[in-house]
Amino acid sequence: MSNLPKIAWIGLGIMGSPMSENLIKAGYSVTGFTLEQDKLDRLAAAGGTVAKSIAEAVKDADVVVTMVPASPQVEAIAYGTDGILENAKSGALIVDMSSITPQTSVDLAKAAKEKGLRVLDAPVSGGEAGAIEAVLSIMVGGEQADFDEAKPLLDALGKTIVLCGPHGSGQTVKAANQLIVAVNIQACAEAVVFLEKSGVDLTAALDVLNGGLAGSTVLTRKKDNFLNRDFKPGFRIDLHHKDMGIVTDAARNVGAALPVGAVVAQLVASLRAQGDGGLDHSALLRAVERLSGAEL
Ligand code: NAD
């Protein structure tokens, strides 16, 4: 019998599936629940246990990991009679890895405490590839003791794992992360259109750019998306739209001006309004192409 904590995993999407599989590979027993049957089948094939409900998934778990799209889904799985707070065993630790508003994380921590449960907000960066390779950056908010307890588990999922401060701090850092990533993708997309219209060999140009100060993880990870116009997600524009809303709102609350972020938030919103919400966020290239008169 393993003496590792027993894990419940709620939300087995693009990120949750490979992350939970990394825990299974590391020897953890994982019981999962998500909305799509094919994702549940994938968990079973990887050696996990499939639950029929959130209540069933969490009832014996020492740690409940959640990885769902946004604040409304976190609230839906946490609260209510079938939710995590009503059904997890006393003392369990909830590690919410979804990217949500900092206030939702603060409220969840408070509600959980009243039920004798503990919470960390632990959103991630690194994308689907980072999830598969277990090299995510994980930005954590909450108590030091809970962080120390979760650290071995997080080590099986990521490479850079940092406690950023009290509840909600992980989400605030993640919001900043999404600002930087969106602006970086937008700059790369503008460079791609400029280079192509100038008749320069794009593969050569991106290779040399990535070796200098213009290089970035975004360029490394998204170069092939740009070159092949392959916008299969990855990270959906719909989710980045949500994140630009989070960072814009959080910045306004603290009196921080984000002029470039505000423009990129509008470009993301426009891309979504044109029907591209289900594409990878590297599809910001399509917005620049449209603005530059390209036929898509
Ligand atoms: P996804 O849409 O692929 O997966 C979300 C999963 O949540 C789905 O499988 C769905 O079944 C499940 N879910 C939703 N509501 C549920 C409910 N009520 N009960 C049980 N399961 C429920 O999303 P994703 O790309 O995996 O992203 C998850 C989170 O991670 C988001 O907050 C996103 O912003 C963040 N994130 C994503 C990436 C990425 O590259 N995809 C990178 C970093 C962070």
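Here are three short exercises, with worked solutions, on the predicted model above.

**Exercise 1. Helix α1**

Work out which residues of helix α1 are buried, and why the helix counts as largely enclosed.

*Solution.* Begin with the extent of the helix: α1 runs over residues 16-25. Next, apply the cut-off for burial, under 20% relative accessible area. The residues that pass are G16, S17, P18, M19, S20, E21, N22, L23 and I24. Nine of the ten residues in α1 are therefore buried, so the rest of the structure largely encloses this helix. Finally, look just past the end of α1, where G27 adopts a positive phi of about 105°.

**Exercise 2. Helices α9 and α12**

Describe how α9 packs against α12, beginning with the angle and ending with the residues in contact.

*Solution.* Take the geometry to start with: α9 (residues 169-197) and α12 (residues 237-254) pack at about 120°, and their axes lie 9 Å apart. Because of that angle, α9 is oblique to α12. The crossing of α9 past α12 is left-handed. Now list the contacts: from α9 come A175, A176, Q178, L179, V181 and A182, which meet H240, D243, M244, I246 and V247 of α12. Sorted by class, this contact has eight nonpolar, two polar and one charged residues.

**Exercise 3. An annotated region**

Find the residues covered by the UniProt domain annotation, then describe their secondary structure.

*Solution.* The unreviewed UniProt entry places "domain: 6-phosphogluconate dehydrogenase NADP-binding" on residues 6-165. Across residues 6-165, helix makes up 42% of the chain and strand 24%. To finish, check the two ends: the C-alpha atoms there are 26 Å apart.

How values were computed
Residues numbered from 1 in each chain as written. Predicted model: local features only at pLDDT ≥ 70, side-chain atom pairs only at ≥ 80, totals over all residues. Heavy atoms only, no water. Buried < 20%, exposed > 50% of the residue type's maximum accessible area, 1.4 Å probe, protein only. Helix = DSSP H or I, 4+ residues; strand = E, 2+ residues; numbered from the N terminus. Axes fitted to C-alpha atoms, helices over the stretch in contact; angles between N-to-C directions. Parallel < 35°, antiparallel > 145°, perpendicular 65-115°, else oblique. Left-handed = near helix turned anticlockwise from the far one by under 90°. Contact = heavy atoms within 4.5 Å. Nonpolar A, V, L, I, M, F, W, Y, C, P; charged D, E, K, R; others polar. UniProt positions renumbered as here; feature names shortened; annotations may be inferred.
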